[in-house]
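Let's take a walk through a protein together. Keep the picture handy and turn it as you read.

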Amino acid sequence: MRKSAYAAFDKQESRAALLFVAPAFILLAVFIFYPMLRALLISFQNFNLISAQASFAGFANYGKLLQDETFGASLWHSFYFTLVVLPVQTAISLGLALLVQKKFRGVGFFRTIYFLPVVVSFAIASTVFRLIYNKDYGMLNVILKGIGLPTLDFLSNPDISMLGIIALCIWRAMGFVMVIFLAGLNNIPESLYEAAHVDGAGAAQRFFLITLPLLKRTMAFVVIITTMDALKIFIPIYITTSGGPAGSTSTVVHFIYETAFKQMNMGYAAAAAFLFFFLVLIISIVQLRLFRTDVEY
């Protein structure tokens with residue numbers, strides 16, 4: 001009798017759990033899984049967005065991508081952007097977290113100031129930086145002229161245009177990463193620093209022997225999300241340079257957008273999207289293995 005009552009109770013719990021999970025699963029199925037499956041099918045077709053006419057192309061789109069110099073250049077721009085943003089943004093954010101972790105008067109003000117760019121819309125931030133970078137009346141060149149330095153044209157010079165976008169993205173994201181590092185720093189027991197100080201360890205030794213090893217999990221999270229966000233960068237490029245000048249800032253996502261909605265070649269764009277998806281997936285798996293740790297504290 002008691003077993004049947006337990007079985008009935010378990011069934012009720014299972015039904016209740018399914019009812020709670022069902023709305024989220026339906027939303028995922030409709031807006032994530034089905035579009036991904038549909039896009040995968042389109043990637044094997046010659047699909048024109050205007051006429052909606054499709055013909056089976058097999059792996060022709062993928063083979064063409066491997067020989068497409070424009071796609072290769074956009075892939076290199078995405079990796080270049082990531083390789084610069086990842087270490088610079090991580091170092092700046094960790095430095096800010098170490099600064100605002102200390103208890104001093106007005107620390108809340110500095111935390112707010114550093115985090116403030118995060119709440120600014122990427123579109124608004126990109127528009128503002130586009131005005132700042134303007135060669136004729138931008139604030140950056142006004143300052144450079146005032147101190148006797150040559151002016152810079154981030155929006156028209158292919159050699160430095162990507163650096164302008166990198167500066168914009170680091171400025172906007174460093175506050176968010178700072179908060180993540182701050183949470184990780186606050187989880188490190190203060191007793192470890194006190195013991196190291198008693199043993200005569202200096203500030204640099206405490207940082208490299210205590211802080212960095214115990215921040216490994218936090219660092220792994222930061223590196224992975226920063227890598228993914230950097231690889232799929234689109235809004236700042238679309239607003240500030242539109243992939244120019246001379247395609248020097250065209251990333252993979254911008255290439256996909258241009259191919260799908262300007263050239264109307266949805267099949268080719270879908271193939272580029274899935275090829276890029278698998279590249280990002282491989283990079284994320286490698287990063288997870290590199291940062292794998294069993295450290296407990």
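What follows is a tour of some spots in this predicted model.

Let's begin with how far to trust it. The protein chain has an average pLDDT of 86, and 95% of the residues score at least 70. Confidence isn't even along the chain, though: helix α1 (residues 2-42) has the lowest mean, 80, while α3 has the highest, 93. It's handy to keep such scores in mind, because predicted coordinates should not be read in detail where pLDDT is low.

Now for the rings. How many aromatic pairs does the structure hold? There are 18 aromatic pairs. Take W76 and Y80: their ring centres are 5.9 Å apart and their planes meet at 40 degrees, so this pair counts as tilted. Tilted is the label for angles that are neither under 30 degrees (stacked) nor over 60 (edge-to-face). Where do you find these two? Look at helix α3 (residues 69-101): W76 and Y80 sit 4 residues apart there, which means about one helical turn separates them. Y80 is partly exposed, because its relative accessible area of 30% falls between the 20% limit for buried and the 50% limit for exposed.

A second pair to look up is F110 and Y114. Their planes are also at 40 degrees, with the centres 6.4 Å apart, so this pair is tilted. Both residues belong to helix α4 (residues 107-115), where they are 4 residues apart, about one turn of the helix. Are they buried or exposed, or something in between? F110 has a relative accessibility of 35%, so it counts as partly exposed. Y114 is partly exposed as well, with a value of 22%. Rings can also gather in groups: F129, Y133, F154 and W171 make up one aromatic cluster.

Rings can have charges as partners, too. The charged end of K64 sits over the ring of Y268, 5.0 Å from the ring's centre. In the same way, R172 places its charged end over the ring of F122, 4.4 Å from the centre.

Let's stay with R172 for a moment. You'll find R172 in helix α7 (residues 161-186). R172 is buried, yet it has no salt bridge. Why not? The nearest side chain of opposite charge is D229, and that is 7.8 Å away, whereas a salt bridge needs the nitrogen and oxygen to be within 4 Å, so D229 doesn't qualify as a partner. What does R172 touch, once neighbours within four places in sequence are set aside? Its contacts are P117, V118, V120, S121 and F122. F122 is the residue whose ring has the charge over it.

So where are the salt bridges? A search of the whole structure turns up 2 salt bridges. One joins D229 to K232, with the closest N and O atoms 3.8 Å apart. D229 is partly exposed, because its relative accessibility is 43%. The side chains of E258 and K262 form a salt bridge too, at 3.3 Å from N to O. K262 counts as exposed, because its relative accessibility is 52%.

Next, a look at the backbone. Most residues other than glycine have a negative phi, and most peptide bonds are trans. Here are some exceptions. G244 and P245 are joined by a cis peptide bond, with omega at about -5 degrees. P245 is in the loop between α11 (235-240) and α12 (252-261). A246 lies in the loop between α11 and α12 as well, and A246 has a positive phi of about 55 degrees although it isn't a glycine. With a relative accessible area of 81%, A246 is exposed. Move on to the loop between α12 and α13 and you'll meet M264. M264 has a positive phi too, near 60 degrees. M264 is partly exposed, at 22% relative accessible area.

Last stop: Q287, in helix α13 (residues 266-290). Is Q287 buried or exposed? Its relative accessibility is 10%, so Q287 counts as buried. Leaving out residues up to four places away in sequence, Q287 touches V223, I224 and T227. Compare that with L185, which is 102 residues from Q287 in sequence and 21 Å from it in space, C-alpha to C-alpha.

Conventions
Residues are numbered from 1 along each chain as its sequence is written. Side-chain values use heavy atoms; hydrogens and water are left out. Rings of Phe, Tyr and Trp (its six-membered ring) pair if their centres lie within 6.5 Å; planes under 30 degrees apart count as stacked, over 60 as edge-to-face and the rest as tilted. Helices (H or I, at least four residues) and strands (E, at least two) are DSSP runs, numbered from the N terminus. Buried means under 20% relative accessible area, exposed over 50%, partly exposed in between (1.4 Å probe, protein chains only). A charge sits over a ring if NZ of Lys or CZ of Arg is within 6 Å of the ring centre and within 35 degrees of the ring normal. Lys and Arg count as positive and Asp and Glu as negative; His and the chain ends are not counted. Contact means heavy atoms within 4.5 Å. pLDDT is the predictor's confidence in each residue, from 0 to 100.
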